[in-house]
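Trainee: Hey, could you walk me through this one? I'd like to get a feel for what touches what.

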2 protein chains.
Amino acid sequence: MSQQPHNNTTDHRMCVSLVPLFNHLEKDQMKHIVELARSTPYPRGQIIYNEGDRSEGLYILHKGRIKIYRLSENGKEQIVRILEPGDFTGELSLFDAKPHDAYAETLEPVELCVIQRDQMQQLLQEHPAISLKMLEEFSSRLARTEQRAARIGMESAETRIALYLVDLSEEQRQLIVELPMSRKDLASHLGTTPETISRKLSAFEESGWIRQCSMKAVEILDLDALLLL
Amino acid sequence: MSQQPHNNTTDHRMCVSLVPLFNHLEKDQMKHIVELARSTPYPRGQIIYNEGDRSEGLYILHKGRIKIYRLSENGKEQIVRILEPGDFTGELSLFDAKPHDAYAETLEPVELCVIQRDQMQQLLQEHPAISLKMLEEFSSRLARTEQRAARIGMESAETRIALYLVDLSEEQRQLIVELPMSRKDLASHLGTTPETISRKLSAFEESGWIRQCSMKAVEILDLDALLLL
DNA sequence: ACACTGCCTTGACGCCTGTCAAGATTCGTC
DNA sequence: GACGAATCTTGACAGGCGTCAAGGCAGTGT
(Lines give C-alpha, C1' and ligand atoms only; values in the text may rest on other atoms or scores of the structure.)
Protein backbone atom coordinates (compact mmCIF):
# COMPACT_ATOMS: atom_id res chain seq x y z
CA MET A 1 0.00 0.00 0.00
CA SER A 2 1.23 3.52 -0.76
CA GLN A 3 1.82 6.15 1.89
CA GLN A 4 -0.19 9.35 1.43
CA PRO A 5 1.82 12.57 1.66
CA HIS A 6 0.73 14.81 4.51
CA ASN A 7 -0.21 17.73 2.36
CA ASN A 8 -2.20 15.88 -0.22
CA THR A 9 -4.63 18.34 -1.75
CA THR A 10 -7.32 15.71 -2.18
CA ASP A 11 -7.32 15.19 1.57
CA HIS A 12 -7.80 18.88 2.22
CA ARG A 13 -10.58 19.21 -0.22
CA MET A 14 -12.34 16.20 1.28
CA CYS A 15 -11.91 17.62 4.71
CA VAL A 16 -13.50 20.93 3.81
CA SER A 17 -16.21 19.70 1.49
CA LEU A 18 -17.29 16.88 3.79
CA VAL A 19 -17.81 18.95 6.88
CA PRO A 20 -21.22 20.54 7.54
CA LEU A 21 -19.39 23.56 8.88
CA PHE A 22 -18.13 24.42 5.40
CA ASN A 23 -19.88 22.33 2.77
CA HIS A 24 -22.60 24.95 2.20
CA LEU A 25 -20.12 27.53 0.90
CA GLU A 26 -19.35 28.50 -2.67
CA LYS A 27 -16.64 26.62 -4.57
CA ASP A 28 -14.08 29.41 -4.43
CA GLN A 29 -14.70 30.10 -0.78
CA MET A 30 -14.06 26.45 -0.05
CA LYS A 31 -10.93 26.58 -2.10
CA HIS A 32 -9.65 29.39 0.09
CA ILE A 33 -10.32 27.38 3.22
CA VAL A 34 -8.67 24.31 1.75
CA GLU A 35 -5.46 26.28 1.60
CA LEU A 36 -5.64 27.03 5.31
CA ALA A 37 -6.25 23.46 6.40
CA ARG A 38 -3.45 21.00 6.98
CA SER A 39 -4.38 17.34 7.02
CA THR A 40 -2.53 15.01 9.37
CA PRO A 41 -2.80 11.25 9.96
CA TYR A 42 -2.76 9.74 13.46
CA PRO A 43 -2.44 6.07 14.42
CA ARG A 44 -4.93 4.33 16.69
CA GLY A 45 -4.66 5.08 20.41
CA GLN A 46 -2.85 8.37 19.88
CA ILE A 47 -3.49 11.36 22.12
CA ILE A 48 -4.24 14.40 20.01
CA TYR A 49 -4.32 16.83 22.88
CA ASN A 50 -4.17 16.68 26.65
CA GLU A 51 -6.15 18.57 29.20
CA GLY A 52 -4.27 21.77 29.87
CA ASP A 53 -2.69 21.92 26.41
CA ARG A 54 -2.93 25.20 24.61
CA SER A 55 -5.19 24.87 21.59
CA GLU A 56 -3.67 24.90 18.14
CA GLY A 57 -6.96 25.80 16.55
CA LEU A 58 -9.99 24.02 15.24
CA TYR A 59 -9.60 20.29 14.61
CA ILE A 60 -11.83 18.89 11.90
CA LEU A 61 -12.14 15.13 11.68
CA HIS A 62 -12.66 13.63 8.26
CA LYS A 63 -11.69 10.00 8.79
CA GLY A 64 -11.82 7.67 11.78
CA ARG A 65 -13.17 8.31 15.25
CA ILE A 66 -11.91 10.20 18.29
CA LYS A 67 -13.00 10.05 21.90
CA ILE A 68 -13.10 13.18 24.02
CA TYR A 69 -12.87 12.51 27.74
CA ARG A 70 -12.15 14.10 31.07
CA LEU A 71 -10.34 12.69 34.08
CA SER A 72 -11.49 13.10 37.64
CA GLU A 73 -9.08 13.75 40.51
CA ASN A 74 -8.90 10.05 41.33
CA GLY A 75 -8.11 9.10 37.74
CA LYS A 76 -11.50 7.94 36.51
CA GLU A 77 -12.29 8.94 32.97
CA GLN A 78 -15.57 10.14 31.56
CA ILE A 79 -16.30 10.10 27.86
CA VAL A 80 -17.67 13.48 26.89
CA ARG A 81 -18.42 12.52 23.32
CA ILE A 82 -17.26 10.51 20.35
CA LEU A 83 -16.28 12.44 17.22
CA GLU A 84 -17.34 10.96 13.89
CA PRO A 85 -16.12 12.12 10.48
CA GLY A 86 -17.48 15.64 9.91
CA ASP A 87 -17.32 16.61 13.58
CA PHE A 88 -14.97 19.20 14.98
CA THR A 89 -13.38 19.96 18.33
CA GLY A 90 -11.04 22.38 19.99
CA GLU A 91 -13.64 25.12 19.89
CA LEU A 92 -13.31 26.15 23.54
CA SER A 93 -9.95 27.74 23.18
CA LEU A 94 -10.99 29.41 19.94
CA PHE A 95 -12.88 32.02 21.88
CA ASP A 96 -11.69 31.97 25.45
CA ALA A 97 -7.99 31.47 24.70
CA LYS A 98 -8.24 28.92 27.47
CA PRO A 99 -6.40 25.59 27.41
CA HIS A 100 -8.24 22.40 26.57
CA ASP A 101 -10.45 21.11 29.35
CA ALA A 102 -10.48 17.50 28.13
CA TYR A 103 -8.42 14.86 26.39
CA ALA A 104 -8.75 13.77 22.76
CA GLU A 105 -7.61 10.28 21.80
CA THR A 106 -8.01 8.38 18.54
CA LEU A 107 -10.10 5.21 18.63
CA GLU A 108 -8.98 4.19 15.14
CA PRO A 109 -6.47 5.42 12.57
CA VAL A 110 -7.57 9.00 12.01
CA GLU A 111 -7.09 11.86 9.60
CA LEU A 112 -7.91 15.36 10.64
CA CYS A 113 -7.40 18.91 9.50
CA VAL A 114 -6.30 21.76 11.71
CA ILE A 115 -7.19 25.37 11.08
CA GLN A 116 -5.14 27.82 13.09
CA ARG A 117 -6.86 29.89 15.70
CA ASP A 118 -6.38 33.31 14.07
CA GLN A 119 -7.30 32.05 10.65
CA MET A 120 -10.44 30.45 11.98
CA GLN A 121 -11.42 33.63 13.75
CA GLN A 122 -10.94 35.53 10.53
CA LEU A 123 -13.11 33.01 8.69
CA LEU A 124 -15.86 33.48 11.23
CA GLN A 125 -15.70 37.24 10.76
CA GLU A 126 -15.76 37.04 6.98
CA HIS A 127 -18.38 34.33 6.59
CA PRO A 128 -21.32 34.81 8.96
CA ALA A 129 -22.77 31.60 7.53
CA ILE A 130 -19.99 29.62 9.17
CA SER A 131 -20.75 31.24 12.49
CA LEU A 132 -24.38 30.32 12.13
CA LYS A 133 -23.54 26.72 11.36
CA MET A 134 -21.28 26.63 14.36
CA LEU A 135 -23.96 28.15 16.59
CA GLU A 136 -26.35 25.51 15.35
CA GLU A 137 -23.87 22.77 16.19
CA PHE A 138 -23.15 24.26 19.61
CA SER A 139 -26.77 24.62 20.55
CA SER A 140 -27.56 21.03 19.71
CA ARG A 141 -24.45 19.80 21.49
CA LEU A 142 -25.43 21.89 24.48
CA ALA A 143 -28.90 20.39 24.49
CA ARG A 144 -27.48 16.88 24.37
CA THR A 145 -25.00 17.53 27.14
CA GLU A 146 -27.64 19.06 29.36
CA GLN A 147 -29.84 16.05 28.83
CA ARG A 148 -26.98 13.74 29.64
CA ALA A 149 -26.26 15.63 32.84
CA ALA A 150 -29.92 15.55 33.79
CA ARG A 151 -30.16 11.83 33.23
CA ILE A 152 -27.00 10.97 35.12
CA GLY A 153 -28.29 13.08 38.00
CA MET A 154 -31.88 11.91 38.10
CA GLU A 155 -32.28 8.46 36.61
CA SER A 156 -31.04 5.14 37.90
CA ALA A 157 -28.17 3.40 36.12
CA GLU A 158 -30.67 0.89 34.77
CA THR A 159 -32.84 3.61 33.26
CA ARG A 160 -29.85 5.44 31.81
CA ILE A 161 -28.72 2.33 29.99
CA ALA A 162 -32.22 1.60 28.71
CA LEU A 163 -32.71 5.17 27.49
CA TYR A 164 -29.32 5.14 25.84
CA LEU A 165 -30.30 2.11 23.80
CA VAL A 166 -33.54 3.81 22.81
CA ASP A 167 -31.66 6.95 21.78
CA LEU A 168 -29.27 4.91 19.66
CA SER A 169 -32.19 3.16 18.04
CA GLU A 170 -33.74 6.50 17.09
CA GLU A 171 -30.50 7.92 15.78
CA GLN A 172 -29.69 4.89 13.70
CA ARG A 173 -33.37 4.33 12.74
CA GLN A 174 -32.98 0.61 13.38
CA LEU A 175 -33.99 -1.91 16.01
CA ILE A 176 -30.61 -3.54 15.75
CA VAL A 177 -28.35 -0.88 17.18
CA GLU A 178 -24.63 -0.69 16.91
CA LEU A 179 -22.85 0.32 20.11
CA PRO A 180 -20.33 3.02 19.17
CA MET A 181 -17.90 2.18 21.97
CA SER A 182 -16.59 -0.45 24.33
CA ARG A 183 -18.51 -1.27 27.50
CA LYS A 184 -15.82 0.43 29.50
CA ASP A 185 -16.22 3.66 27.56
CA LEU A 186 -19.97 3.27 27.54
CA ALA A 187 -19.93 2.98 31.30
CA SER A 188 -17.90 6.13 31.66
CA HIS A 189 -20.22 7.96 29.27
CA LEU A 190 -23.27 6.97 31.28
CA GLY A 191 -21.73 7.57 34.68
CA THR A 192 -21.58 3.97 35.79
CA THR A 193 -19.21 0.96 35.63
CA PRO A 194 -18.55 -1.77 33.04
CA GLU A 195 -19.82 -4.33 35.55
CA THR A 196 -23.18 -2.61 35.83
CA ILE A 197 -23.48 -2.31 32.06
CA SER A 198 -22.79 -6.00 31.71
CA ARG A 199 -25.28 -6.97 34.40
CA LYS A 200 -28.07 -4.73 33.18
CA LEU A 201 -27.73 -5.81 29.57
CA SER A 202 -27.89 -9.42 30.69
CA ALA A 203 -30.94 -8.63 32.81
CA PHE A 204 -32.64 -6.90 29.86
CA GLU A 205 -31.91 -9.91 27.73
CA GLU A 206 -33.32 -12.28 30.36
CA SER A 207 -36.48 -10.17 30.47
CA GLY A 208 -36.77 -10.59 26.73
CA TRP A 209 -36.40 -6.87 26.01
CA ILE A 210 -33.20 -7.09 24.03
CA ARG A 211 -30.91 -9.61 22.39
CA GLN A 212 -27.16 -9.23 22.45
CA CYS A 213 -26.16 -10.12 18.90
CA SER A 214 -22.47 -9.50 19.39
CA MET A 215 -20.16 -7.48 21.56
CA LYS A 216 -21.14 -4.29 19.75
CA ALA A 217 -24.63 -4.95 18.44
CA VAL A 218 -27.91 -5.20 20.33
CA GLU A 219 -31.35 -5.97 18.97
CA ILE A 220 -34.20 -4.18 20.69
CA LEU A 221 -37.18 -6.50 21.11
CA ASP A 222 -39.41 -4.47 23.42
CA LEU A 223 -38.87 -0.74 23.10
CA ASP A 224 -41.77 0.18 25.36
CA ALA A 225 -40.47 -1.93 28.22
CA LEU A 226 -37.17 -0.07 28.06
CA LEU A 227 -38.94 3.28 27.96
CA LEU A 228 -41.05 2.84 31.08
CA LEU A 229 -38.26 1.75 33.40
CA MET B 1 -45.22 52.86 43.85
CA SER B 2 -45.88 53.52 40.20
CA GLN B 3 -46.51 50.83 37.62
CA GLN B 4 -44.03 50.81 34.72
CA PRO B 5 -45.58 50.72 31.26
CA HIS B 6 -44.67 47.60 29.28
CA ASN B 7 -43.01 49.40 26.43
CA ASN B 8 -40.91 51.80 28.40
CA THR B 9 -37.99 52.82 26.20
CA THR B 10 -35.63 53.13 29.13
CA ASP B 11 -36.21 49.47 29.85
CA HIS B 12 -35.32 48.48 26.32
CA ARG B 13 -32.20 50.51 26.25
CA MET B 14 -31.10 49.05 29.53
CA CYS B 15 -31.78 45.60 28.25
CA VAL B 16 -29.64 46.03 25.18
CA SER B 17 -26.84 48.07 26.66
CA LEU B 18 -26.48 45.86 29.71
CA VAL B 19 -26.13 42.60 27.90
CA PRO B 20 -22.66 41.35 26.87
CA LEU B 21 -24.25 40.05 23.70
CA PHE B 22 -24.86 43.60 22.48
CA ASN B 23 -23.05 46.11 24.65
CA HIS B 24 -19.95 46.10 22.44
CA LEU B 25 -21.85 47.52 19.46
CA GLU B 26 -21.95 51.10 18.16
CA LYS B 27 -24.57 53.48 19.53
CA ASP B 28 -26.74 53.48 16.42
CA GLN B 29 -26.58 49.73 16.05
CA MET B 30 -27.82 49.36 19.59
CA LYS B 31 -30.56 51.84 18.91
CA HIS B 32 -31.77 49.62 16.08
CA ILE B 33 -31.83 46.58 18.32
CA VAL B 34 -33.63 48.49 21.05
CA GLU B 35 -36.50 48.92 18.64
CA LEU B 36 -36.75 45.19 18.12
CA ALA B 37 -36.81 44.28 21.78
CA ARG B 38 -39.97 44.25 23.85
CA SER B 39 -39.55 44.36 27.59
CA THR B 40 -42.00 42.46 29.75
CA PRO B 41 -42.33 42.14 33.54
CA TYR B 42 -43.07 38.80 35.22
CA PRO B 43 -44.00 38.17 38.85
CA ARG B 44 -42.12 35.71 41.05
CA GLY B 45 -42.81 32.02 40.46
CA GLN B 46 -44.08 32.54 36.93
CA ILE B 47 -43.39 30.01 34.19
CA ILE B 48 -41.92 31.79 31.16
CA TYR B 49 -41.94 28.77 28.93
CA ASN B 50 -42.66 25.07 29.26
CA GLU B 51 -40.80 22.15 27.82
CA GLY B 52 -42.31 21.49 24.42
CA ASP B 53 -43.35 25.10 23.83
CA ARG B 54 -42.41 26.60 20.55
CA SER B 55 -39.82 29.30 21.04
CA GLU B 56 -40.82 32.92 20.61
CA GLY B 57 -37.23 33.97 20.10
CA LEU B 58 -34.33 35.02 22.23
CA TYR B 59 -35.10 35.95 25.83
CA ILE B 60 -32.71 38.44 27.39
CA LEU B 61 -32.89 38.90 31.13
CA HIS B 62 -32.11 42.31 32.51
CA LYS B 63 -33.61 42.18 35.99
CA GLY B 64 -34.24 39.39 38.46
CA ARG B 65 -33.31 35.72 38.22
CA ILE B 66 -34.72 32.76 36.34
CA LYS B 67 -34.19 29.05 36.83
CA ILE B 68 -33.99 26.71 33.88
CA TYR B 69 -34.85 23.12 34.70
CA ARG B 70 -35.80 19.80 33.18
CA LEU B 71 -38.22 17.19 34.46
CA SER B 72 -37.53 13.47 34.43
CA GLU B 73 -40.22 10.92 33.59
CA ASN B 74 -41.00 10.42 37.27
CA GLY B 75 -41.41 14.13 37.89
CA LYS B 76 -38.08 14.97 39.47
CA GLU B 77 -36.66 18.30 38.41
CA GLN B 78 -33.08 19.15 37.62
CA ILE B 79 -31.83 22.71 37.58
CA VAL B 80 -29.89 23.23 34.39
CA ARG B 81 -28.77 26.72 35.25
CA ILE B 82 -29.75 29.97 36.90
CA LEU B 83 -29.99 33.05 34.70
CA GLU B 84 -28.66 36.30 36.11
CA PRO B 85 -29.21 39.75 34.61
CA GLY B 86 -27.35 39.90 31.29
CA ASP B 87 -27.88 36.22 30.52
CA PHE B 88 -30.05 34.95 27.70
CA THR B 89 -31.99 31.80 26.91
CA GLY B 90 -34.20 30.31 24.27
CA GLU B 91 -31.28 29.82 21.93
CA LEU B 92 -31.96 26.21 21.06
CA SER B 93 -35.01 26.91 18.99
CA LEU B 94 -33.30 29.84 17.33
CA PHE B 95 -31.38 27.48 15.13
CA ASP B 96 -33.05 24.12 15.18
CA ALA B 97 -36.63 25.38 15.08
CA LYS B 98 -37.11 22.80 17.81
CA PRO B 99 -39.36 23.34 20.81
CA HIS B 100 -37.87 24.18 24.20
CA ASP B 101 -36.27 21.24 25.94
CA ALA B 102 -36.56 22.69 29.44
CA TYR B 103 -38.70 24.90 31.65
CA ALA B 104 -38.01 28.51 32.59
CA GLU B 105 -39.44 29.86 35.82
CA THR B 106 -38.83 33.16 37.58
CA LEU B 107 -37.22 33.03 41.03
CA GLU B 108 -37.96 36.69 41.68
CA PRO B 109 -39.87 39.48 39.98
CA VAL B 110 -38.26 39.64 36.57
CA GLU B 111 -38.00 41.87 33.55
CA LEU B 112 -36.87 40.46 30.26
CA CYS B 113 -36.72 41.40 26.61
CA VAL B 114 -37.74 39.18 23.75
CA ILE B 115 -36.29 39.40 20.27
CA GLN B 116 -38.25 37.50 17.69
CA ARG B 117 -36.68 34.52 16.03
CA ASP B 118 -36.47 35.96 12.48
CA GLN B 119 -35.24 39.32 13.68
CA MET B 120 -32.56 37.69 15.78
CA GLN B 121 -31.43 35.57 12.88
CA GLN B 122 -31.18 38.67 10.75
CA LEU B 123 -29.14 40.40 13.44
CA LEU B 124 -26.74 37.48 13.51
CA GLN B 125 -26.32 37.68 9.76
CA GLU B 126 -25.75 41.41 9.75
CA HIS B 127 -23.50 41.64 12.77
CA PRO B 128 -20.91 38.88 12.87
CA ALA B 129 -19.69 40.34 16.15
CA ILE B 130 -22.92 39.26 17.80
CA SER B 131 -22.44 35.73 16.51
CA LEU B 132 -18.94 35.66 17.89
CA LYS B 133 -20.14 36.83 21.30
CA MET B 134 -22.79 34.17 21.24
CA LEU B 135 -20.29 31.50 20.22
CA GLU B 136 -18.13 32.58 23.11
CA GLU B 137 -21.03 32.31 25.50
CA PHE B 138 -22.03 28.91 24.13
CA SER B 139 -18.58 27.46 24.34
CA SER B 140 -18.16 28.45 27.96
CA ARG B 141 -21.63 27.21 28.81
CA LEU B 142 -20.80 23.94 27.08
CA ALA B 143 -17.61 23.59 29.06
CA ARG B 144 -19.46 24.17 32.31
CA THR B 145 -22.18 21.71 31.46
CA GLU B 146 -19.70 19.03 30.46
CA GLN B 147 -17.89 19.52 33.72
CA ARG B 148 -21.13 19.26 35.64
CA ALA B 149 -22.03 16.04 33.83
CA ALA B 150 -18.59 14.61 34.50
CA ARG B 151 -18.78 15.43 38.17
CA ILE B 152 -22.25 14.02 38.65
CA GLY B 153 -21.13 10.85 36.93
CA MET B 154 -17.78 10.36 38.59
CA GLU B 155 -17.64 12.05 41.98
CA SER B 156 -19.49 11.17 45.15
CA ALA B 157 -22.30 13.41 46.36
CA GLU B 158 -20.02 14.61 49.13
CA THR B 159 -17.30 15.63 46.68
CA ARG B 160 -19.78 17.33 44.36
CA ILE B 161 -21.07 19.50 47.19
CA ALA B 162 -17.56 20.35 48.35
CA LEU B 163 -16.40 21.24 44.84
CA TYR B 164 -19.51 23.32 44.29
CA LEU B 165 -18.68 25.42 47.32
CA VAL B 166 -15.12 25.85 46.07
CA ASP B 167 -16.39 26.91 42.64
CA LEU B 168 -18.72 29.46 44.20
CA SER B 169 -15.87 30.80 46.28
CA GLU B 170 -13.75 31.31 43.16
CA GLU B 171 -16.55 32.92 41.21
CA GLN B 172 -17.46 35.29 43.98
CA ARG B 173 -13.82 35.79 45.02
CA GLN B 174 -14.80 35.47 48.65
CA LEU B 175 -14.53 32.93 51.41
CA ILE B 176 -18.04 33.74 52.54
CA VAL B 177 -20.08 32.43 49.64
CA GLU B 178 -23.68 33.18 48.91
CA LEU B 179 -25.73 30.18 47.80
CA PRO B 180 -27.69 31.24 44.72
CA MET B 181 -30.58 28.88 45.34
CA SER B 182 -32.57 26.89 47.86
CA ARG B 183 -31.25 23.56 49.11
CA LYS B 184 -33.93 21.83 47.14
CA ASP B 185 -32.79 23.46 43.90
CA LEU B 186 -29.16 23.03 44.84
CA ALA B 187 -29.76 19.32 45.30
CA SER B 188 -31.37 19.01 41.91
CA HIS B 189 -28.51 20.94 40.32
CA LEU B 190 -25.94 18.62 41.86
CA GLY B 191 -27.84 15.43 41.20
CA THR B 192 -28.65 14.61 44.80
CA THR B 193 -31.37 15.28 47.41
CA PRO B 194 -32.05 18.11 49.87
CA GLU B 195 -31.51 15.63 52.71
CA THR B 196 -28.02 14.79 51.54
CA ILE B 197 -27.14 18.47 51.11
CA SER B 198 -28.30 19.14 54.62
CA ARG B 199 -26.38 16.23 56.06
CA LYS B 200 -23.14 16.91 54.23
CA LEU B 201 -23.12 20.61 55.06
CA SER B 202 -23.62 19.72 58.70
CA ALA B 203 -20.81 17.17 58.46
CA PHE B 204 -18.50 19.75 56.86
CA GLU B 205 -19.34 22.17 59.64
CA GLU B 206 -18.67 19.56 62.30
CA SER B 207 -15.28 18.87 60.71
CA GLY B 208 -14.53 22.56 60.98
CA TRP B 209 -14.28 23.05 57.22
CA ILE B 210 -17.16 25.49 56.85
CA ARG B 211 -19.54 27.58 58.90
CA GLN B 212 -23.18 27.96 57.97
CA CYS B 213 -23.78 31.66 58.54
CA SER B 214 -27.38 31.64 57.40
CA MET B 215 -29.67 29.67 55.21
CA LYS B 216 -28.00 31.09 52.10
CA ALA B 217 -24.49 31.95 53.18
CA VAL B 218 -21.56 29.69 54.02
CA GLU B 219 -18.10 30.64 55.21
CA ILE B 220 -15.30 28.44 53.96
CA LEU B 221 -12.76 27.79 56.71
CA ASP B 222 -10.61 25.06 55.15
CA LEU B 223 -10.58 25.19 51.38
CA ASP B 224 -7.92 22.50 51.02
CA ALA B 225 -9.90 19.99 53.04
CA LEU B 226 -12.85 20.47 50.70
CA LEU B 227 -10.62 20.10 47.65
CA LEU B 228 -9.06 16.78 48.56
CA LEU B 229 -12.27 14.93 49.33
C1' DA C 1 -47.09 41.52 63.41
C1' DC C 2 -49.05 37.08 62.67
C1' DA C 3 -50.26 32.98 60.62
C1' DC C 4 -49.49 29.72 57.25
C1' DT C 5 -47.18 27.31 53.83
C1' DG C 6 -43.24 25.44 52.15
C1' DC C 7 -38.47 24.43 53.20
C1' DC C 8 -35.02 22.55 55.96
C1' DT C 9 -33.20 19.15 59.33
C1' DT C 10 -32.56 14.77 61.60
C1' DG C 11 -33.41 9.81 62.14
C1' DA C 12 -34.04 5.03 60.60
C1' DC C 13 -34.00 1.78 57.00
C1' DG C 14 -33.03 -0.65 52.77
C1' DC C 15 -31.51 -1.08 48.21
C1' DC C 16 -28.96 0.01 44.26
C1' DT C 17 -24.69 -0.11 42.55
C1' DG C 18 -19.70 0.50 43.12
C1' DT C 19 -15.72 -2.39 44.43
C1' DC C 20 -12.67 -6.30 44.38
C1' DA C 21 -11.52 -10.70 42.39
C1' DA C 22 -11.24 -14.51 39.22
C1' DG C 23 -12.37 -16.76 35.04
C1' DA C 24 -13.99 -16.39 30.14
C1' DT C 25 -13.96 -14.12 25.89
C1' DT C 26 -12.61 -11.07 22.34
C1' DC C 27 -9.66 -8.24 19.82
C1' DG C 28 -5.31 -6.58 18.04
C1' DT C 29 -0.78 -7.89 16.57
C1' DC C 30 2.71 -10.66 14.91
C1' DG D 1 -3.75 -18.48 12.37
C1' DA D 2 -2.03 -18.12 17.04
C1' DC D 3 -0.43 -15.73 20.87
C1' DG D 4 -1.00 -12.15 24.37
C1' DA D 5 -3.25 -8.33 26.42
C1' DA D 6 -7.16 -6.04 27.21
C1' DT D 7 -11.91 -6.34 27.81
C1' DC D 8 -15.98 -8.48 29.38
C1' DT D 9 -18.74 -11.41 32.58
C1' DT D 10 -20.25 -13.24 36.90
C1' DG D 11 -20.19 -13.55 41.96
C1' DA D 12 -19.99 -11.86 46.65
C1' DC D 13 -19.96 -8.01 49.59
C1' DA D 14 -20.45 -3.58 51.71
C1' DG D 15 -21.61 1.07 52.09
C1' DG D 16 -23.21 5.49 50.38
C1' DC D 17 -27.19 7.72 49.66
C1' DG D 18 -32.05 7.82 48.31
C1' DT D 19 -36.56 7.30 50.50
C1' DC D 20 -40.07 7.95 53.91
C1' DA D 21 -41.57 10.35 57.99
C1' DA D 22 -41.95 13.77 61.54
C1' DG D 23 -40.69 17.99 63.82
C1' DG D 24 -38.59 22.75 63.61
C1' DC D 25 -37.68 26.90 61.03
C1' DA D 26 -37.89 30.61 57.80
C1' DG D 27 -39.82 33.42 54.47
C1' DT D 28 -44.09 35.30 52.27
C1' DG D 29 -48.32 37.57 52.07
C1' DT D 30 -52.11 39.79 54.41
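Mentor: Sure, we'll start with the DNA and then turn to salt bridges. Keep in mind that this is a predicted model.

Trainee: OK, how many residues surround DNA strand D?

Mentor: There are 19 of them. The closest are Arg183(A), Ser198(A), Thr192(B), Thr196(B) and Arg199(B).

Trainee: And which helices supply at least two residues each of the surface near DNA strand D?

Mentor: In chain A, helix 7 (183–190) and helix 8 (194–206) do, and in chain B helix 8 (194–206) does.

Trainee: What kinds of residues make up that surface near DNA strand D?

Mentor: Nine are polar, eight are charged and two are nonpolar.

Trainee: Which part of the DNA do they meet, sugar and phosphate or bases?

Mentor: Both. Counting the atoms of DNA strand D within 4 Å of the protein, 62% belong to sugar or phosphate, and the rest to bases.

Trainee: What lies 2.5 Å from a phosphate oxygen of DNA strand D?

Mentor: That's a backbone N or O atom of Arg183(A). Lys184(A) also has a backbone N or O atom by a phosphate oxygen of strand D, at 3.0 Å. With Thr196(B) it's a polar side-chain atom, 2.6 Å from a phosphate oxygen of that strand.

Trainee: Switching topic: how many salt bridges are there over all chains?

Mentor: The structure holds 28. One of them joins the side chains of Asp167(A) and Arg151(A), at 2.8 Å from N to O. Asp167(A) sits in helix 6 (residues 157–172) of chain A and Arg151(A) in helix 5 (residues 128–154), 16 residues apart.

Trainee: Is Arg151(A) buried or exposed?

Mentor: Arg151(A) counts as buried because its relative accessibility is 17%, and the cut-off for buried is under 20%. Its partner Asp167(A), at 24%, counts as partly exposed.

Trainee: Which residue does Arg65(B) meet in a salt bridge?

Mentor: Glu108(B), again at 2.8 Å from N to O. This pair is 43 residues apart, with Arg65(B) in the loop between strand 3 (57–63) and strand 4 (66–71) of chain B, and Glu108(B) in the loop between strand 7 (103–106) and strand 8 (110–116). Arg65(B) is buried at 17%, while Glu108(B) is partly exposed at 28%.

Trainee: Last one: which residues are linked in a network of salt bridges?

Mentor: Arg70(A), Arg81(A), Glu91(A), Asp101(A), Glu137(A) and Arg141(A), along with Glu146(B) from chain B.

Note on methods
Residues are numbered from 1 along each chain as its sequence is written. Chains are lettered from A and ligands numbered from 1 in the order in which they are written. This is a predicted model: local features need pLDDT of at least 70, side-chain atom pairs count only at pLDDT 80 or more; totals for chains, interfaces and linings use all residues. Side-chain values use heavy atoms; hydrogens and water are left out. A residue is near a molecule or strand if one of its heavy atoms lies within 4 Å of it. A polar contact is a pair of N or O atoms within 3.5 Å; within protein, one must be able to donate a hydrogen and the other to accept it, and residues adjacent in sequence count only if both atoms are side-chain atoms. Helices (H or I, at least four residues) and strands (E, at least two) are DSSP runs, numbered from the N terminus. Ala, Val, Leu, Ile, Met, Phe, Trp, Tyr, Cys and Pro count as nonpolar, Asp, Glu, Lys and Arg as charged, and the others, Gly among them, as polar. A salt bridge is a side-chain nitrogen of Lys or Arg within 4 Å of a carboxyl oxygen of Asp or Glu. Buried means under 20% relative accessible area, exposed over 50%, partly exposed in between (1.4 Å probe, protein chains only).
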